[in-house]
Amino acid sequence: SLYQYDMVITITSIRLKNLWKFSPLSLHALKIIQQMKDQPGLLQFKKTGLGYLHYTLSAWENEADMKRFSASGAHLAAMKDTRKIASELSTYTFESDQIPDWKTAKQLLKANGKTITLN
């Protein structure tokens, strides 16, 4: 493993209400990626997705840094806008000594994720 210690990993999926919501999602994503550039504790970030379903994965040195990031700036603004954009949101946070590939990450999210249905 690249790291001698555990990382905190968060996997998220967001299901768009409709394809018109891709633009606001992309705008939020750009601002969040800007915010991430100077985030203490961030080890890796990646995203994937197509059509209605989009995923993010971030790896952090510790839970405090992850929580500080998610509750501030562009990420907080995006969370407040989630109900307008998404019909469903899933999230799973866990500790690991390695970052999973997308296939594994999606399986972990499906098996262990906390899913919120939005109207």
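Tyrosine 92 is buried in this predicted model, at a relative accessible area of 19%. That puts tyrosine 92 below the 20% cut-off, so the residue counts as buried. Tyrosine 92 stacks with phenylalanine 94 and belongs to the largest nonpolar core. Here is a quick tour of the rings, the cores and the charged pairs.

**Aromatic pairs**

- The structure has three aromatic pairs, and two of them are described here.
- Tyrosine 55 pairs with tryptophan 102 in a tilted arrangement, with 6.3 Å between the centres and 55° between the planes.
- That pair ties together distant parts of the chain: tyrosine 55 sits in strand 3 and tryptophan 102 in helix 4, 47 residues apart.
- Tyrosine 55 comes out as buried, at 14% relative accessibility.
- For tyrosine 92 and phenylalanine 94, the ring centres are 4.8 Å apart and the planes meet at 15°, so this pair is stacked.
- Phenylalanine 94 is buried too, with a relative accessibility of 13%.
- Tryptophan 102 also has a charge over its ring: the charged end of lysine 46 sits there, 5.2 Å from the ring centre.

**Nonpolar cores**

- The largest nonpolar core counts 11 residues, and the aromatics Tyr55, Tyr92, Phe94 and Trp102 are among them.
- Other members of this core include Met7, Ile9, Ile11, Leu57 and Leu109.
- Strand 1, strand 3 (53-60), strand 4 and helix 4 (102-112) each put in at least two residues.
- Another core lies apart from that one; this other core has eight residues, including Val8, Met36, Trp60 and Ala78.
- Alanine 105 is in the largest core, and beyond its neighbours within four places in sequence, alanine 105 touches Ile11, Leu57 and Pro100.
- As general background, nonpolar side chains in soluble globular proteins tend to be buried together.

**A salt bridge between strands**

- The tally is four salt bridges, and three of them are covered in this briefing.
- Arginine 15 bridges to glutamate 88, with the closest N and O atoms 4.0 Å apart.
- This bridge connects distant parts of the chain, with arginine 15 in strand 1 (residues 7-16), glutamate 88 in strand 4 (residues 86-96), and their positions 73 residues apart.
- Arginine 15 is partly exposed, at a relative accessible area of 32%.
- Glutamate 88 is likewise partly exposed, at 26%.

**Salt bridges within helices**

- In helix 2 (residues 63-70), lysine 67 and glutamate 63 are four residues apart, about one turn of the helix.
- Their side chains meet in a salt bridge, at 3.2 Å from N to O.
- Lysine 67 is partly exposed at 49% relative accessibility; exposed would take over 50%, so this lysine stays in the middle class.
- Glutamate 63 is partly exposed as well, with a relative accessible area of 41%.
- Helix 3 (residues 73-85) holds aspartate 81 and lysine 84, three residues apart and about one turn of the helix.
- Aspartate 81 and lysine 84 form a salt bridge, their closest N and O atoms being 3.0 Å apart.
- The two partners in helix 3 fall into opposite classes: aspartate 81 is buried, with a relative accessible area of 16%, whereas lysine 84 is exposed at 56%.

Key:
Residues are numbered from 1 along each chain as its sequence is written. This is a predicted model: local features need pLDDT of at least 70, side-chain atom pairs count only at pLDDT 80 or more; totals for chains, interfaces and linings use all residues. Side-chain values use heavy atoms; hydrogens and water are left out. Buried means under 20% relative accessible area, exposed over 50%, partly exposed in between (1.4 Å probe, protein chains only). A nonpolar core is a set of buried Ala, Val, Leu, Ile, Met, Phe, Trp, Tyr and Cys residues joined through side-chain atoms within 4.5 Å. Contact means heavy atoms within 4.5 Å. Rings of Phe, Tyr and Trp (its six-membered ring) pair if their centres lie within 6.5 Å; planes under 30 degrees apart count as stacked, over 60 as edge-to-face and the rest as tilted. A charge sits over a ring if NZ of Lys or CZ of Arg is within 6 Å of the ring centre and within 35 degrees of the ring normal.
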